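Let's look at this structure together and ask how each label is earned. Every answer sets a value against its cut-off.

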Amino acid sequence: MAFLRAVFRSNVYRKFGISSFHITQQGINSVRVKFSIPPASIGCNTFKSTHAASAIGYDTAVEGKSAQQHPRDPLDLTFEDHVASFKSKTTWEILRAYIVYTMCSSEYLVEHNMTLMKISKRLFGDRLFKFMMKSTFYGHFVAGEDQYKIRPTLERLRSFGVKPILDYSVEEDISQEEAERREVDGLGHREQWSPAHVPWSTSVMGIWPGAPIPPTLQYPNNTFMGKFNSIRGSSVQCTIPQYHMDKQFADRRYKVQSARTYFYLNEAQCERNLEIFQECLEAVSGATFGTGICAVKLTALGRPQLLLQLSEVIMRTRKYMTEVLGGEGNVLTHHVHVEDLEKKFLQAGLEEETVKKFLKQLTYDKEGVIHLFPWSGIVDENQQLSDTFRVPDLKTGRMVRLITQLTPKEEEMFRNMVRRMNSLCKTADELDVRVMVDAEQTYFQPAISRITLEMMRKYNKDKAVVFNTYQCYLKNTYEEATNDLEQAKRQNFYFGAKLVRGAYLEQERARAAALGYTDPTNASFEATTEMYHRTLTECLRRIKDLKDRSEDARKIAIMVASHNEDTVRFAIEKMKEIGISPEDKVICFGQLLGMCDYITFPLGQSGYSAYKYIPYGPINEVLPYLSRRAHENKGILKKIRKEKKLLLRELRRRITSGQLMYRPRGNYVPV
């Protein structure tokens, strides 16, 4: 079925202008087709943004006019201009926003919001409940039920200088027990937590049931209790507790309120997630002239345990380089040359043929080795992970695995995950849309970043199509970002990054304390802000260097994704200081729909590249998302107070000026 979908996407809908389709399990005779462009447009070779724009009512002739024919407002960097903040809203929407923020200020309502919503649905019935939600939380934080009903919102945003980042925000409302079961049960069959079982696929650890646990596997909390009968596949034992699961944290929603969590059920579910992301890409393409973005999570596209294993391999590779060469950091930072490695290996007594075979797979340039393993082959070809991650052991003189032997089923799962990610990036490239890969927990992030960087290398040849995300509450964010910037420079691809403060802070701290490894997070909010500003400054410095050398400054594209007005001010002041203008199209800003409008809209209306993160989905299925938004707003009461103050000012202005029936009509063009 995946093959049939790929064929249809690449041929039929490209040729005839079909925006989306669905093949049911009954087969190809049950294809459902949705047309989103008029018959006059059929026959275009590709579904480009201009055609799509015509289809949904945009005046492409107007959009083609010069920027001088459209307004550019002065920007108030105090972000106190209530007229600029809310000129895109009707008076009812301003009143609704004030009501929602007032409700978010109530600790009782926020703490029990999910329970209260479920009770309300039972009491009032489905129809009245939906009306109530559209009049409050849903109407404020969510754009609509599907990719068609959100179009008026996207059109209005664009007319006020703001572009979308689309996210289909349907989430399963599952119990903690079900979340744990899905997380630890990698193959989808039920296992019970007990001292006698490892409840996920045992090859995660490279061991079979029945033998004593090696001392190196006896972590805090006695997580890996039980007996096992043999160790297989690797002479390198599992000694990094950060990259293994623990029952206490199997529900990855634990202490996380602001980020969506995907739990693996089976491969069919991952295929459905792929289709949803594809539909997001098509919706963005149909409304934004190639400037829109689709947000994706890699844990939605495959079995998370594989990311866990791959992350551990990456960290073991860093430890291996430290043992071989001294120093710390990833392979690229060592600046070791192939000849130096060859000398080390031969001195250790390895056979010359083995050494040459290993060195042949290295990625390197004149500055040194970039990768020990052929990552491009891993994401493009049918290579076996178990055979790829092998390194020469200087002590034994033999090749050893850095990953445990995977079963054929697990190898297939990894292939499927990479195929899905590759399909998304390919579609985004063809539709001229951006893909923003969200950051996740630190025990997944090395693998997520590695796969994302390889997709950048493949698709970011002429522009930044794929973006990685960097969470600045982590101590190593600056080093990771600068290393990735350096890789992009040395391998000559466009670098895209979204900078965020991060969503998993409390969970990361609790997990590190429970499992006995070093806390990866910064000690304070101030330290996180310093990390954010330091990383952003380095990105801007490199952009300036490109401009000074008369090279394409767009080789580095950065999204400042922050609701913190001090950080937004810092970015704008740094842009002015360095000489980067909004028209350079290298820096953009992003906030969530329904949050910090007093930052987003003044930015967009003054000529900066501004985005809103646009959730959409059926009302009953986005309740978990709405619950998270309520919790997040409770945590930023200072911002809520400011937004409520500005909302009241604008409401009074409209009442006193007789503009209660004001209808928003924008004439701005996003950068």
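Q: What makes both faces of β14 count as covered?
A: This is a predicted model, and in it I556, I558 and V560 on one side of β14 are all buried, as are A557, M559 and A561 on the other. Side chains in a regular strand alternate between the two faces of the sheet. Strand β14 spans residues 556-561, and six of its six residues are buried, so the strand is described as mostly covered.

Q: How do you know that β14 pairs with β13?
A: Pairing needs at least two bridges between the strands, and five bridges join β13 (residues 495-500) to β14, so they pair. The two strands run parallel. K498, for example, has M559 of β14 as its bridge partner.

Q: What makes β15 a partner of β14 too?
A: Four bridges join β14 to β15 (residues 587-592), against a requirement of at least two, so this is also a pair. These strands run parallel. Here V560 has F589 in β15 as its bridge partner.

Q: Why is T528 called buried?
A: T528 has a relative accessible area of 6%, and buried means under 20%, so the label fits. T528 sits in helix α22, which covers residues 525-548. Apart from its neighbours within four places in sequence, T528 is in contact with C472, Y473, R501 and N522. Its C-alpha atom is 9.3 Å from that of G502, a residue 26 places away along the chain.

Q: Why is C472, one of those contacts, said to be in no disulfide?
A: A disulfide is a covalent bond between the sulfur atoms of two cysteines. The nearest cysteine sulfur to that of C472 belongs to C539 and is 9.0 Å away; the cut-off is 2.5 Å, so C472 is in no disulfide. A search of the whole structure finds zero disulfides.

Q: Why do C472 and C270 count as buried?
A: C472 has a relative accessible area of 0%, and C270 has 1%. Buried means under 20%, so both cysteines qualify.

Q: What makes R541 and D545 a salt bridge?
A: Their closest N and O atoms are 2.9 Å apart, and the cut-off is within 4 Å, so the pair qualifies. R541 and D545 both lie in helix α22, four residues apart, or about one turn of the helix.

Q: Why are R541 and D545 each called partly exposed?
A: R541 has 38% relative accessibility and D545 has 25%. Partly exposed lies between the 20% and 50% cut-offs, so both residues fit.

Q: How do you know that E352 and K356 form a salt bridge?
A: The closest N and O atoms of E352 and K356 are 3.9 Å apart, and the rule asks for within 4 Å, so this pair counts. Both residues belong to helix α15 (residues 352-359), where they are four residues apart, about one turn of the helix. E352 is at 48% relative accessible area and K356 at 43%; both are under 50% but not under 20%, so they are partly exposed.

Q: What makes K612 and D597 a salt bridge?
A: The distance from N to O is 2.8 Å, and the limit is 4 Å, so their side chains meet in a salt bridge. The pair links distant parts of the chain: K612 is in strand β16 (residues 609-616) and D597 in helix α24 (residues 597-605), 15 residues apart. Both K612 and D597 are buried.

Q: How many salt bridges does this rule give?
A: The count comes to 46 salt bridges. A network of salt bridges links E80, E565, D566, R569, K642, K645 and R649.

Q: Why is F131 called exposed?
A: F131 has 57% relative accessibility, and exposed means over 50%, so the name applies. F131 lies in helix α7 (residues 113-134). Together with I119, L123, F124 and L128, F131 makes a nonpolar surface patch of about 510 Å².

Terms used: Residues numbered from 1 in each chain as written. Predicted model: local features only at pLDDT ≥ 70, side-chain atom pairs only at ≥ 80, totals over all residues. Heavy atoms only, no water. Buried < 20%, exposed > 50% of the residue type's maximum accessible area, 1.4 Å probe, protein only. Contact = heavy atoms within 4.5 Å. Patch = residues over 30% accessible without salt bridge, like charges linked within 9 Å, V, L, I, M, F, W, Y side chains within 5 Å. Areas by Shrake-Rupley, 256 points an atom, 1.4 Å probe, with all protein chains shown as cover.
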